[in-house]
Amino acid sequence: MTDRETMRVFIDCDPGIDDAVALAYLAARPEVEIVGVGTVFGNNTVAVTTDNALRLLELYGRPNVPVAMGAERPLVQAPRLAEHVHGGNGLGDVALPEPVGSPVAESSAELLVRLARENPGGLDVLAVGPLTNLAIALGLEPRLPELVRRLVVMGGAVEVPGNVGSHTEANIVNDPEAAEAVFAAGFDLDLVALDITMRTVATSEWLDRLKGVPGERAQRTSAFLDFYADFYKGIFGSRQCAMHDPLAAAVLIDPYLVTESFEVPIRVELNGSLTRGMTVADRRPRPSADQRRAARVVTSVSEDEFLKLMLDSLR
Ligand code: RIB
Ligand code: CA
């Protein structure tokens, strides 16, 4: 892709502190046209994540992007929120100004399907929350995997421990049935799982550099990340934080950052009493018994370059 070629991107998210940084990463790039943002329950209720999406798009300079409210609960189970990670308002308890805009009348799934039909082969999708909206969209338009050019999902723990349960990551375990439907559908799919996101962290030096960047975007984001880093200190033992969703955004628009990946069919465990919501990778040599279209699981990225781009996006 040349520098000037426009990418049309639909983002499905549950902002969420790292979702916020993902939005900033994409919003800062002139070659990225954010054609729509869908919201979903996850880090908070869908009412809160929708309100946050509107506030964040205004903060990051994309006030005219349509925001569509999505699912308020998973397909089958009860919702579980993550206020301990993202704060009571989903943004580290940092108050942003009331949004000027309001959500569009379409649901997230309806907006995604309409945009995919209007841009066959020309729409890329970033999914950084539970996959409920995408599963609903597949019900509305089974040809979605052919219409969408590329789907990047942040979710799962393929060969590493989970972050909610021993084997389960938040976005997948928050709606396992939806995730299974998405992995089964045949998308051209990159999976940015905990395998790489827990190794690609904003260090305390990076967080300090962000604190020194003037301007509303950087300063508000720095305040969100103070809360997030406090949570992650309990996991890493020092002030740093995993940048799950911005890394998925980077894999979408800066694919050259990916230095290693492997391709494997992914299934989601739906029944296990200990493993429900686990992403199961069939790593038998191909052709294996599993004929499902393989996902590309990212295992290595140019971390320094990613951290530089992420800081640039907040200047
Ligand atoms: O497991 C990380 C994912 O769940 C991210 O999308 C983050 O926003 C969290 O809630
Ligand atoms: Ca998220």
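# Questions about a predicted model

Biologist: At 6% relative accessibility, does Asn-171 count as buried or exposed?

Modeller: Keep in mind that we're looking at a predicted model. The cut-off for buried is under 20% relative accessible area. Asn-171 comes in at 6%, so we call this residue buried.

Biologist: Whose backbone oxygen lies 2.9 Å from a polar atom of the Asn-171 side chain?

Modeller: Start by finding Asn-171 in helix H7. Its side chain reaches the backbone oxygen of Val-128 at 3.3 Å. The backbone oxygen at 2.9 Å from a polar atom of that side chain belongs to Met-154.

Biologist: Which residues coordinate the calcium ion (ligand 2)?

Modeller: Look for donor atoms at 2.3 to 2.6 Å from the calcium ion. Along the sequence, the donor residues follow the spacing D-x4-D-x108-V-x116-D. Val-128 gives an O atom, while Asp-19 is listed with two OD entries. Put together, the donor residues are Asp-14, Asp-19, Val-128 and Asp-245.

Biologist: Are Asp-14 and Asp-19 buried or exposed?

Modeller: Both residues offer OD atoms to the calcium ion. The test is a relative accessible area under 20% for buried and over 50% for exposed. Asp-14 and Asp-19 are both buried.

Biologist: How much of the 280 Å² that ligand 1 exposes when taken alone does the protein bury?

Modeller: First check the contacts: an oxygen atom of ligand 1 is 2.2 Å from a side-chain N or O atom of Asn-43, and an oxygen atom of ligand 1 is 2.8 Å from one in the side chain of Asn-163. Val-128 joins in with a backbone N or O atom 2.9 Å from an oxygen atom of ligand 1. Of the 280 Å² that ligand 1 exposes when taken alone, the protein buries 94%.

Biologist: Which helices each supply at least two residues of the shell around ligand 1?

Modeller: The space taken by ligand 1 is the largest pocket. The residues around ligand 1 include Asp-18, Asp-19, Ala-170, Asn-171, His-244 and Asp-245. Compare those numbers with the ranges 17–27, 170–173 and 244–253, and you get H1, H7 and H12.

Biologist: Why is H12 described as largely enclosed by the rest of the structure?

Modeller: Go along the helix and you'll find His-244, Asp-245 and Pro-246 among its buried residues. Leu-252 and Ile-253 are on that list too. H12 is largely enclosed because the buried count is 10 of the 10 residues.

Biologist: Which two residues does a cis peptide bond with omega of about -10° join?

Modeller: Most peptide bonds are trans. Here, check the loop between strand E1 (7–13) and H1, where Gly-16 lies. The cis bond joins Pro-15 and Gly-16.

Biologist: What value is phi of Asp-93 near?

Modeller: Most residues other than glycine have a negative phi. Asp-93 sits in the loop between helix H3 (83–86) and helix H4 (108–118). Its phi is positive, near 60°.

Biologist: What distance separates the C-alpha atoms of Glu-305 and Asp-19?

Modeller: Glu-305 belongs to helix H13 (residues 303–313), and it counts as partly exposed because its relative accessibility is 30%. Along the chain, Glu-305 and Asp-19 are 286 residues apart. In space, their C-alpha atoms are separated by 20 Å.

Key. Residues are numbered from 1 along each chain as its sequence is written. Chains are lettered from A and ligands numbered from 1 in the order in which they are written. This is a predicted model: local features need pLDDT of at least 70, side-chain atom pairs count only at pLDDT 80 or more; totals for chains, interfaces and linings use all residues. Side-chain values use heavy atoms; hydrogens and water are left out. Donors are N, O and S atoms within 2.8 Å of the metal (3.2 Å for Na, K and Ca); water is not among the atoms, so sites may look incomplete. Buried means under 20% relative accessible area, exposed over 50%, partly exposed in between (1.4 Å probe, protein chains only). A residue is near a molecule or strand if one of its heavy atoms lies within 4 Å of it. A polar contact is a pair of N or O atoms within 3.5 Å; within protein, one must be able to donate a hydrogen and the other to accept it, and residues adjacent in sequence count only if both atoms are side-chain atoms. Accessible areas come from the Shrake-Rupley method with a 1.4 Å probe; for residues, only the protein chains shown count as cover. On a 1 Å grid over the protein atoms alone, a cavity is a set of points where a 1.4 Å probe fits but cannot get out, and a pocket is an open set with protein on both sides within 12 Å along at least five of seven lines; lining residues have an atom within 4 Å of a point. A molecule sits in a cavity or pocket if more than half of its atoms lie within 2 Å of its grid points. Helices (H or I, at least four residues) and strands (E, at least two) are DSSP runs, numbered from the N terminus.
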